[in-house]
Structure formats: C-alpha cells, structure tokens
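Let's take a walk through this protein, from its packed inside to its open hollows. Keep the 3D view open and click on residues as they come up.

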Amino acid sequence: MAALSYHFQFTLQKSSKNVKTKPFISCSTQPAQNNIKVVIIGAAKEIGMAAVVAVTKARGMEVAGAVDTHFIGEDIGKLCDMEEPLEIPIMNDLTMVLGSISQSKETGVVIDFTDPTTVYDNVKQATAFGMKSVVYVPRIKLDTIAALSALCEKASMGCLIAPTLSIGSILLQQAAISASFHYNNVEIVESKAQAADLPSADASQIAKNLSNLGQLYNREDLSTDVLARGQVLGEDGVRVHSLVLPGLPSSTTVYFSGPGEVYSIKHDITDVQCLMPGLLLAIRKVIRLKQNLVFGLEKFL
C-alpha cells in the first residue's frame with residue numbers, strides 16, 4: 001500500500017496594486033512501511049489473549065498467527081472478545097503457520113508463552129523460517145539458554161529472552177541494585193494469591209542480582225535455622241519471604257536497613273496488562289538483533 005504525501009508551495013506575484021498568491025500543490029507517493037507480522041504461541045492463555053489485543057492496537061505490527069493446543073479452529077479475535085473477528089483461527093501446527101508467513105517474505109516475530117520444555121524447539125522452528133523470537137517463559141533453564149545462544153549465533157538470527165516483561169519490575173530490580181551499595185541488610189517480601197512457583201521468578205532474580213555484587217548481607221543473622229526467617233537465596237544472605245492469601249495482588253517489596261533508617265522499594269502487579277508495554281518494546285527491539293541472544297529487557301530501557 002502506498003502513502004500519499006502532499007507538498008504545499010506558495011509563489012508570490014507582485015503587481016502595482018496588490019499581491020496575489022497562487023498555491024501550488026504537488027502529490028507524490030511513498031511506500032508505506034510494512035507491519036511486523038507477529039505469531040503468538042500460547043495465544044489462548046490469559047497473557048496470550050492480552051498480547052493479541054495489544055499487538056492489534058499497536059502501530060507497525062499485526063497478529064499474523066495464533067498457536068495453542070486449546071480452542072483449535074476458533075477465531076482468536078472472538079476468543080479475545082474483540083469488536084470484530086481477526087479471521088485468524090487458532091492452530092496447533094506452528095510449522096504450518098510459520099510457512100504461510102515466510103512466503104510473504106515480510107518481517108516476522110514469534111512470541112513464546114509456553115513452557116521451558118518446548119522453548120528450544122519453538123525458537124528453532126522460527127529461526128528455520130527466518131523469524132526472530134521473543135521468549136517469556138519463567139524459570140527457563142541455563143542449559144536451554146546456552147543452547148539457544150549457540151543456535152542464534154549459528155543461524156545469524158536474533159532472540160530475546162525476557163525473565164519479566166513488566167517495566168515496573170525491571171525498574172525495581174535496578175533500584176535494588178543501586179540501594180545495595182549503601183545498605184548491609186536486605187530482605188525480600190513477596191505476596192501472591194496462589195501458592196505456585198515460590199519464591200517467584202521476580203524475587204529470585206532480585207536475590208540473584210544482589211548476590212552477584214560480592215557483598216555479604218545480614219552479617220548478624222547468617223546462620224539461623226529458624227524456618228520463619230525465610231529462605232536464603234544465593235550465598236550472600238539474601239532472604240525471601242513469600243506470603244500467600246487469596247485476593248492478594250502479586251507484589252514484591254525489597255527492604256534495606258542501615259543505622260537509624262529503613263528503605264523499602266515496592267512493586268505491585270494487579271493485571272496482566274502491565275506486561276504489554278514491555279512486550280511491544282521487545283517486539284520492536286528484537287527485529288534489530290542480528291545474530292545474538294539477549295537476556296533481559298532492561299538492556300533496552
């Protein structure tokens with residue numbers, strides 16, 4: 001589709017009585033930039049449906065495929081309660097979806113919301129069809145990340161693995177790292193509505209970040225075996241306490257203390273929508289990656 005651009009030029013003609021202006025209008029055509037074709041694996045999940053709506057509303061991209069093992073054959077737009085159907089049926093064959101898109105030779109990105117056991121095969125298929133990947137799969141294993149890095153380098157194809165898509169969560173992690181240089185005591189308290197995957201990936205990542213700085217925390221309380229004191233993550237004394245009650249928002253608070261003061265940083269997640277700005281950013285950034293794997297969205301903030 002071509003876009004029209006209009007150029008207005010005014011010329012002045014002087015006479016003895018007045019000044020006349022004659023507008024001159026020229027019109028030229030310029031090719032419009034093609035949208036990024038986005039394929040969502042795990043499209044029938046809550047986060048997948050939110051991603052379908054977000055991508056559809058975003059400029060410069062569009063949903064080109066929906067893959068899931070549930071609701072096969074249903075229109076993904078109707079499943080997401082959109083005003084109009086997208087005329088994109090949910091399919092369980094990723095190869096078929098990627099093949100139809102690759103024939104158009106347009107820029108494509110595959111979003112993976114599945115699980116650690118299928119990530120490598122999904123990225124491998126996307127790479128084979130010349131498409132880049134954004135992976136949001138919590139608790140992905142280190143050996144899988146290493147294998148994906150080797151795959152991307154060999155295929156000269158970019159991939160972005162995002163431990164979190166929440167920009168607020170990333171800002172919390174960055175603030176915690178900055179604060180850790182000024183305080184010797186730190187503990188992490190998180191809350192969730194359901195007792196699954198505890199401690200959470202966010203709390204574990206914060207503890208890992210702080211433990212990698214080479215500072216020993218909570219020196220006066222390192223060797224306690226009291227279970228109520230929480231779980232120590234890493235070797236530097238960072239404890240995590242997980243509170244689970246139905247109805248609680250997903251929340252993470254990092255407490256630091258020093259002589260005469262307590263400093264706390266808190267981040268609450270109330271809806272999956274908080275992940276969508278990070279997802280759209282990841283889509284726009286991954287298409288610029290040439291032949292490497294990037295771990296973490298914070299590199300683009």
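## Ile283 and the core around it

Start by clicking on Ile283. Leaving out residues up to four places away in sequence, Ile283 touches Ile36, Val38, Val55, Met61, Val109, Ile111 and Val134. Keep in mind that this is a predicted model, so treat what you see as computed.

Ile283 belongs to the largest nonpolar core, a set of 41 residues. Along with Ile76, Ile111, Phe113 and Leu279, Ile283 is among the residues with the most contacts inside this core. Which elements supply at least two residues each? They are β3 (36-41), α1, β4 (61-67), α2 (76-79), β6 (108-112) and α8 (276-286). Helix α8 gives the largest share, with seven residues.

There's also a second core, separate from that one, with 17 residues. Leu172, Ala176, Tyr217 and Val240 are included in it.

## The largest pocket

Now for the hollows. The largest pocket has a volume of about 1,000 Å³. It is lined by 34 residues, and those closest to its centre are Tyr136, Pro138, Lys192, Ser250 and Leu275.

Several elements each chip in at least two lining residues: α1 (46-57), α6 (167-180), β9 (185-192), α7, β12 (250-258) and β13 (261-269). What classes of residue make up this lining? You'll find 14 nonpolar, 12 polar and eight charged residues.

## The second largest pocket

The second largest pocket comes in at about 370 Å³. Its lining has 16 residues, with Arg139, Ile140, Gln205, Lys208 and Phe295 closest to the centre. Two elements, α5 (142-155) and α7, give two or more residues to this lining, and α7 gives the most, with four.

By class, the lining of the second largest pocket divides into 11 nonpolar, two polar and three charged residues.

## Ser211 in helix α7

Helix α7 has turned up in the linings of both pockets, so let's look at one of its residues. Ser211 sits in this helix, which covers residues 201-211. Is Ser211 buried or exposed? Its relative accessible area is 14%, and because the cut-off for buried is under 20%, Ser211 counts as buried.

What lies around Ser211? A polar atom of its side chain is 2.9 Å from the backbone oxygen of Ala207. Setting aside neighbours within four places in sequence, Ser211 is in contact with Leu233, Gly234, Asp236 and Val238.

Methods: Residues are numbered from 1 along each chain as its sequence is written. This is a predicted model: local features need pLDDT of at least 70, side-chain atom pairs count only at pLDDT 80 or more; totals for chains, interfaces and linings use all residues. Side-chain values use heavy atoms; hydrogens and water are left out. Buried means under 20% relative accessible area, exposed over 50%, partly exposed in between (1.4 Å probe, protein chains only). A polar contact is a pair of N or O atoms within 3.5 Å; within protein, one must be able to donate a hydrogen and the other to accept it, and residues adjacent in sequence count only if both atoms are side-chain atoms. Contact means heavy atoms within 4.5 Å. On a 1 Å grid over the protein atoms alone, a cavity is a set of points where a 1.4 Å probe fits but cannot get out, and a pocket is an open set with protein on both sides within 12 Å along at least five of seven lines; lining residues have an atom within 4 Å of a point. Grid points are joined across faces, edges and corners, and a volume is the space filled by probe spheres set on the points. Ala, Val, Leu, Ile, Met, Phe, Trp, Tyr, Cys and Pro count as nonpolar, Asp, Glu, Lys and Arg as charged, and the others, Gly among them, as polar. A nonpolar core is a set of buried Ala, Val, Leu, Ile, Met, Phe, Trp, Tyr and Cys residues joined through side-chain atoms within 4.5 Å.
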